[in-house]
Amino acid sequence: MTVFLRNRIASSAIPLLFVVLGVFCLARLAGDPVDLYLPLSATEEQRAEFSAAHGFDQSIPAQLWDYLGQVVRLDFGESLRTGQSAGEMVLTAFPATLQLAAVTMVIAVLAAILVGSVAAYRPNSAVDRFSSLLAMTAASIPDFWFAIVGVLIFGVSLEWLPTSGVIGGPEIWVLPIATLLIRPFGVLVQVVRGSMVAALSAPYVKVARSKGASERRVVFGHALRNATTPVLTVAGDLTIGLVNGAVVVETIFGWPGIGKLMIDSILQRDFAVLQAAVLLTAVTIFALNIVVDVAHALIDARVRQPVQA
Amino acid sequence: MTTKSAVPPTPSPGRARASLAALVSTTLLLTSACAVANSGDGGDAGSGAGGTLRVVLGQEPPTLEPCEASLTSTGVVVRSNITEPLIERDPTSGELLPLLATGWQQSEEDPTTWTFDIREGVTFQNGEPFTAEDAAFTIDRAVNSDLACNVDGYVFGDMELTAEATSTTRLTVTTGDPDPILPLRLSFVEIVPRTTSTEAKVREPVGTGPYAVAEWRTGISITLRRNEDYWGEAPAYSTARYVWRAESSVRAAMIDRGEADIAAALDPEDATEENSVPYPNNETTALRLDGTEAPLDDIRVRRAISLAIDRDGIVDTLFDGEADPAAQLVPRGVVGFNDELSPTPYDPAAARALVDEAAADGVPVDRRITLIARNSQFPRVAETAEALQYQLAEIGLNVRIRMTDTAAHLQYQLRPFPEDAGPVALLIMHGNQAGDAAFTASQYLLAEGPQSTFGTPDLDQRIAEADAVAGPARQDAFADVLTHQDETVAQYAYLAHMRGLLGLSPSVSYEPDPATGDELRLAEVSPAGDPRPRDED
């Protein structure tokens, strides 16, 4: 298992480096922050001073070298916009997104397993068709539209939920999580259903039934366990995709997470914050990939077998 | 390679259950350990009961540093709420009114020197008394320090300025050249105590204003509490809380739902008569035509563009009637506004004739012009750009649209302009919050102005002359500058003087003025049906 883990970490670290380099260079190609931060009538000297103070007067490789040196010392620089430490800003915002993503994925996976299994148990039944329709609809609705309509219906018309915000009881979670949930739920239901249909028609299920195992044990003990592998893989990918959804949800609902921070720092060319946010997100995704791989290996012996052999 | 049979390993439901339990408990732990969401009444902005005024902005202020108050997102919270200037400008009449200075005058012997009488009996929110020394310190900090304050570049440019306290109640300000509008410029300097850092900008300032910063929960809210020792009339609300939502529809929903009392900048589609009030916001939209590139270097083509724009149509259909067709870059109320200018009539036939005439003289009128506009610059900006593209195509010009974000738009707006961009028609929105056309002329009309593509020596001369005079002569001189720009330069095809929409709950009473978007004075807000400020606690 240690060898397996080591190999996985090594192979994931290379893309991580590419992400960091890519964001660093692309951000700098997208425009000069001087115009955004200095008054419109700033003189040439003021501009030069600003550039020098933030190192923008150096060549991109020189800036990159300085940046990497800072990152090694865990110094992520200062936000151009707020003057705060970029590392602190990102660490303050990150838990908010993590909370949303974690709760969303747990609900999405559990709900998808339930709905997907029920649908797969009797393929082409009315229940199956209804759940497929539900899943397709959920996976296709644009999250932006869903969020705004949710606010208008449940926030303004029915007055059941607050329109937005993070201060309040459990009700404040409902719309943001529902918005984030729809796509992963829709996709996962289809994946669970597909792999459960295959698993339930596999020979070992017939064997289990012929041995007199209970239906509950057949479905959840035998079939589901084997159907879990693709679900886990897809759920891992969808969790990574939640970062995109988080941008929309956090922007609309005023949730102070890393998605909102990232979009603001892109628009404001706040390089230090953008880089810190991308780095932290990339490390998280990298860690998540390893967790998914390990879980995969734990569930399915075939995955870890070649490494051990 | 080992081949495994399809028979699964013996299931161990115990382990599966344990994994599930671990997953759920980890999630719950994460959720509770780093909880963003806390319990509280009535959402982020509070319940509104007990004298809390709830304001929802479009974005979180990057800082509350007073010398950055010319930035809209900072100024809307700071100005006249937390800090105050020596002099304030009435946003409607343009008149200068005493605030922390009770009077001022220009020296007759030496017109580079102004003296200001400083109000007595005023204290800062930290308890320190306010004196002329604080005023001198603040001006010096904003204009002469290395902080690169926004107000310095916006209002003072590269002016030489020294401020000195000759007694606790007397301030002297000396400029390099005589400056007839120095008091107006100083109305942008928000006064801070002399203990404020000159090395770094401050995020949470101390001032003399009716409200003090109580708490800033990064990303969530800013709470101000009433300054009980305020020297002026006490404001009605004991607390004000700002939150921010990027979406206009959500801001409007918060007003409709009663979660907020005031909402900044609603889009027309979200505004109703019940949840909002329109107000002139001093912003003017126009196409800036790059007179250094053919075919825009030909004045007939520039005039044709102005004639081709159906201003009434755009105002009625795209701006929902909440704007007025414009004939100049500054709106009424700004010194220099020329009452005699009227919007260019919509006359596509005349426009087409001018383009044909230019074409006959060899002007390459079919060269592609790039119309650059900025996303979210104003409501329905993309549709406006499309309408303009269509109207210009109708008179035989070849126009493509490029929508950009703010940073990319600024590259085209400010000198040095990108090279090889070809002929550019830039959709601009100019807000003259200073109330004097000098601020517009120095930026947009001078031949080498930071936001101007070209000009003429004659126009530059007229601007310099207008800038040197005061009083009614100044009004006439700048009005003449605006006429002259239209007749001989025609760098701009004006669109409209815009109006903003302020979300306003029926539970509060407030009348927005042209400065509301930049300076939302909380002390002017009172509970509905009670126009006079009163104590609620």
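This report walks through two chains of a predicted model, starting with chain A and then moving to chain B.

## Chain A: helices and annotations

The unreviewed UniProt entry puts a "domain: ABC transmembrane type-1" annotation on residues 94-292 of chain A. Over that stretch the chain comes out at 84% helix and 0% strand, and its end C-alpha atoms sit 21 Å apart. The same kind of record also marks a "transmembrane region" at residues 12-31, 98-121, 133-160, 172-192 and 271-292 of chain A. Take two of these: residues 172-192 are 100% helix, with 29 Å between the end C-alpha atoms, and residues 271-292 are 100% helix too, with 31 Å between the ends.

## Two residues to look at in chain A

A:Y67 belongs to helix α4 (residues 60-72) of chain A. Buried or exposed? A:Y67 has 20 C-beta neighbours inside 10 Å, so it counts as buried. Its C-alpha atom is 9.1 Å from that of A:A272, although 205 residues of chain separate the two.

A:E159 is a residue other than glycine with a positive phi, near 60°. You'll find A:E159 in the loop between α7 (143-157) and α8 (171-200) of chain A. With 12 C-beta neighbours inside 10 Å, A:E159 counts as exposed.

## Chain B: how it is divided

Chain B splits into domain 1 (49-82 + 209-275 + 505-530), domain 2 (85-191) and domain 3 (282-498). Between domain 1 and domain 3 of chain B, the C-alpha centres are 33 Å apart. Five residues of domain 1 and six residues of domain 3 make up the contact in chain B. On the domain 1 side, that means three nonpolar, no polar and two charged residues.

## The four-stranded sheet in chain B

Here we have an open sheet of four strands in chain B, ordered β4-β5-β7-β6 and paired antiparallel. β4 (101-106) and β6 (161-167) of chain B are the edge strands; each has a single partner, so one side of each has no neighbour in the sheet. On average, neighbouring strands are turned by 20° against each other, ignoring direction.

In the middle, β5 (residues 113-118) and β7 (residues 170-175) of chain B pair antiparallel through five bridges. One pair to look up is B:T115, whose bridge partner in β7(B) is B:T172. Helix α3 (residues 132-144) of chain B packs on this sheet, touching β5, β6 and β7, and its direction makes about 170° with that of β6(B).

## Strand β12 and its partners

Strand β12 (residues 276-289) of chain B is mostly covered, with eleven of its 14 residues buried. β12(B) pairs antiparallel with β17 (residues 492-504) of chain B over ten bridges, and with β16 (residues 424-431) of chain B, also antiparallel, over seven. B:L287 ties into both: its bridge partner in β17(B) is B:A493, while in β16(B) it stands opposite B:L427.

## Backbone oddities in chain B

Which residues does a cis peptide bond join, with omega about 0°? Those are B:A294 and B:P295, and B:P295 is in the loop between β12 and α7 (299-308) of chain B. Another cis bond links B:R415 to B:P416, with omega about -10°; B:P416 is in the loop between α11 (406-413) and β16 of chain B.

B:A490, a residue other than glycine, has a positive phi near 50°. B:A490 lies in the loop between α14 (471-489) and β17 of chain B, and it is partly exposed, with 18 other C-beta atoms within 10 Å.

Technical notes. Residues are numbered from 1 along each chain as its sequence is written. Chains are lettered from A and ligands numbered from 1 in the order in which they are written. This is a predicted model: local features need pLDDT of at least 70, side-chain atom pairs count only at pLDDT 80 or more; totals for chains, interfaces and linings use all residues. Two strands pair if DSSP finds at least two bridges between them. Axes are lines fitted to C-alpha atoms, for helices over the stretch in contact, and angles run from 0 to 180 degrees between N-to-C directions. Two residues are in contact if their C-beta atoms, placed from the backbone, lie within 7 Å. UniProt positions are given in the numbering used here, feature names are shortened, and annotations may be inferred rather than shown by experiment. Domain bounds come from an automatic or database domain assignment. Ala, Val, Leu, Ile, Met, Phe, Trp, Tyr, Cys and Pro count as nonpolar, Asp, Glu, Lys and Arg as charged, and the others, Gly among them, as polar.
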